[in-house]
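These exercises look at the empty spaces inside a protein. Work through each task, then check the solution.

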Amino acid sequence: MVRLSKSSAKAPQSPNCTQKKAAQKKGSATPKAALADVQKCKDLGIETHLQANNTRANYAGHVRRGRQWLASYFKTPAISESERGDIASDDLLIPMPSSPASFDMHSDNDAHDDPAFKDAFDRIPNRCSHKALALFMSLKGFHENLSKTTVESIRSAFKKMWDLSDGDTYRGKWHFDEARRRWEGNPADSADVYDVLSSIKHKASAEGGDRTHSMAMTKDYMDRVLRWHQAACPLEIALHMIEKTMSGAQPSDLHLDFETRKQLTQHLEQIALAASGWTLWTRCFELIKLQRKDITLDVTMLDANHYKIYPRPEMLACDNFFWMLVWIKWLDFFHYGQILHPNDFLFPVMGANSVVHPGQPISHDTVQKWINESTAGAGILGNFSTHCFRRGGAQYWFMFAPVGQRWTLAKVRWWGGWAEGEHCDTLVRYLLNELHAYETDYSDALAPISRGADVSLAGEHALARPVSTEELCMVHASVAADVNCLRNDISSINNSLRSLTNKLRVHLMLHLLEDKIATSHSTHVKASSPSARITSWQLPTPGLVIPRVPVLRPNGTTNPKTKSWKDIVTHWLVGDPDQGLTTPLKDWPREWYQGANQQFASKYHQRATIALEFINQYDSNEARFLAAYPEAELGHTQLLKAVNKARTARGERVSRTK
């Protein structure tokens, strides 16, 4: 029996089979080429979109400058062994004075002698990369005295470059792999680099001192911020609508438009949060997590856990009792339509569509954004973080409250201990530091009356000591000057009244003379007829006003013409106390715009025409109203013409014949 080998046992292949295999080999090359293209696409996408354009440009600049710095030390001619001993090793790398405390590199002093050192900043790192990066960061942070942010950015730039150099090989902690006999991880994550970075951060903190701390939100700042809120948003509308709702009116009957409600909600939440932080001294992460179950409402006090909060009408901006009640009622009536549930957050998130989410609290970043916005709007300069309310409230009650109302240190420590994990000594320390700064401040040394801050606690003796003769003379001079100004004002008013009286007397005499002449030439008119009666001239009722539109606000800005019709509707339904309209136009009695007050008749009827067209004809639907009257975008005058034209077409108005 003959056994054939495998090669001889194979049957001869047909031409068709050979062509099929060739086709298969040809087809297998196509996926490989496609995968290579996909790989290039992936690399390009990561390079383009992994970082923002500005960040990518900044990182590239740091890497470029680092490579230029490193290359500058290897352009000099080679140095012999005998010459190298005469040259300090740090002079070859860093052109700065040697300092054993700052630049003692121990075994790394001769790192630059390693041939791999000149390639330390290549895309693929080597055993010298972490040492070179630490030296470059030291140069920038210690010698050139750049900021810690710049040094952090330098480290991040090289870290990102090495992260993307070879998959996962150069990511993580920098170390030497004994098994593979190579360096792995990221040189930017080495101990040398971290030590330099930490040292630069400590240096910046030591030089910055208290400048990096948040400034205190003083009572004066709180008052200025509240005035900014009042100028930016008509808070009186919210208070008036809450009052009406609590008196029995339905919120749906008050015709609050979408934008106004959104604006009022934003400002009321900010005011309530600021007053709460200033009063309770809570940290931000605790304050934003307050829930409805955390407080108990009473007619005379608000009990937040074991803190009893009472009304402080003399400190309106800091009155936590008042603003918390207003905020809760606003949520109840105009957002939820019901009372808050126990687990509802007191400071919830409001979406872009003005929908409030009771189960989601606002974020720390949102609070910081509010602080920045309000301080900038109020013209307050300084660095304010979310800690500013805690510092401001504590310092006020310890040092700056009126005499007799300041808190003892024990009371401050008890109140400040409310926060979770709070160390009372921390609060006491920065209070005493602030007091020391206050007592050693002599910026008012030239003031006529010295506050004497270094004599007693927060200069309290200056408020309680007897008045000196010099101070009495200053007060007398000030009062005398005010009295003289008042005397001049009264004299000016008397002259104006005397002139007005003379004009009225002349007007009345002319009126009587005209009536007498008319009576003598019209004998057919009965003596008892109204036209023959002599009537006295009446003055308009004082205090009545119909505001002009567009409305001029107290801060000097004017509402745009596109919102004039909304102001008219607000004047009709709610009024505008800031503009003197304390009673809504819809509630005006007839005698307020007729008779002696007929000067208001035309304006009153014009406002009524626009407001009632919106309310009655379009059911207060803003979208339908604007679709029917695009003239509203041009101002109330064009809108009035369009409404009158529509009323004439409906047969509700008869045009006057000219």
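**Exercise 1. Sort the lining of the second largest cavity by class, then find its residues and helices.**

Step 1. Start with the classes. The lining of the second largest cavity has six nonpolar, three polar and two charged residues. The model is a predicted one.

Step 2. Name the residues. Leu273, Gly277, Thr282, Arg283, Cys284, Leu287, Ile288, Val367, Thr386, Phe389 and Arg390 line this cavity.

Step 3. Assign the charges. Asp, Glu, Lys and Arg count as charged, and the lining includes Arg283 and Arg390.

Step 4. Place the lining on the helices. At least two residues each come from H11, helix H12 (284-287) and helix H15 (388-400).

Step 5. Add the volume. The second largest cavity holds about 60 Å³ of space.

**Exercise 2. Describe the largest cavity: its volume, its central residues and the character of its lining.**

Step 1. Count the cavities. There are four of 30 Å³ or more.

Step 2. Take the largest. Its volume is about 180 Å³. It is lined by 15 residues, and Val225, His229, Gln270, Ala274 and Phe389 are the closest to its centre.

Step 3. Find the helices. H9, H11 and helix H14 (364-377) supply at least two lining residues each.

Step 4. Classify the lining. It has 12 nonpolar residues, three polar and no charged.

Step 5. Look for a link with Exercise 1. Phe389 is among the residues closest to the centre of the largest cavity, and Phe389 also lines the second largest cavity.

**Exercise 3. Which helix gives the largest share of the lining of the largest pocket?**

Step 1. Set the scene. The largest pocket contains about 780 Å³ of space. Its lining has 38 residues; Asp257, Thr260, Lys566, Asp567 and Thr570 are the closest to the centre.

Step 2. List the candidates. Helix H9 (219-232), helix H10 (235-246), helix H11 (258-280) and helix H20 (564-573) are the elements that give two or more residues.

Step 3. Pick one. H20 gives the largest share, seven residues.

Step 4. Check the chemistry. The lining divides into 18 nonpolar, 11 polar and nine charged residues.

**Exercise 4. Is Thr265 buried or exposed?**

Step 1. Locate the residue. Thr265 sits in helix H11.

Step 2. Apply the cut-off. Buried means under 20% relative accessible area. Thr265 has 0% relative accessibility, so it counts as buried.

Step 3. List the neighbours. Leaving out residues up to four places away in sequence, Thr265 touches Trp327, Trp330, His335 and Met350.

Notes
Residues numbered from 1 in each chain as written. Predicted model: local features only at pLDDT ≥ 70, side-chain atom pairs only at ≥ 80, totals over all residues. Heavy atoms only, no water. 1 Å grid on protein atoms, 1.4 Å probe; cavity = no way out; pocket = protein on both sides within 12 Å on 5 of 7 lines; lining within 4 Å. Points joined across faces, edges and corners; volume = space filled by probe spheres on them. Helix = DSSP H or I, 4+ residues; strand = E, 2+ residues; numbered from the N terminus. Buried < 20%, exposed > 50% of the residue type's maximum accessible area, 1.4 Å probe, protein only. Contact = heavy atoms within 4.5 Å.
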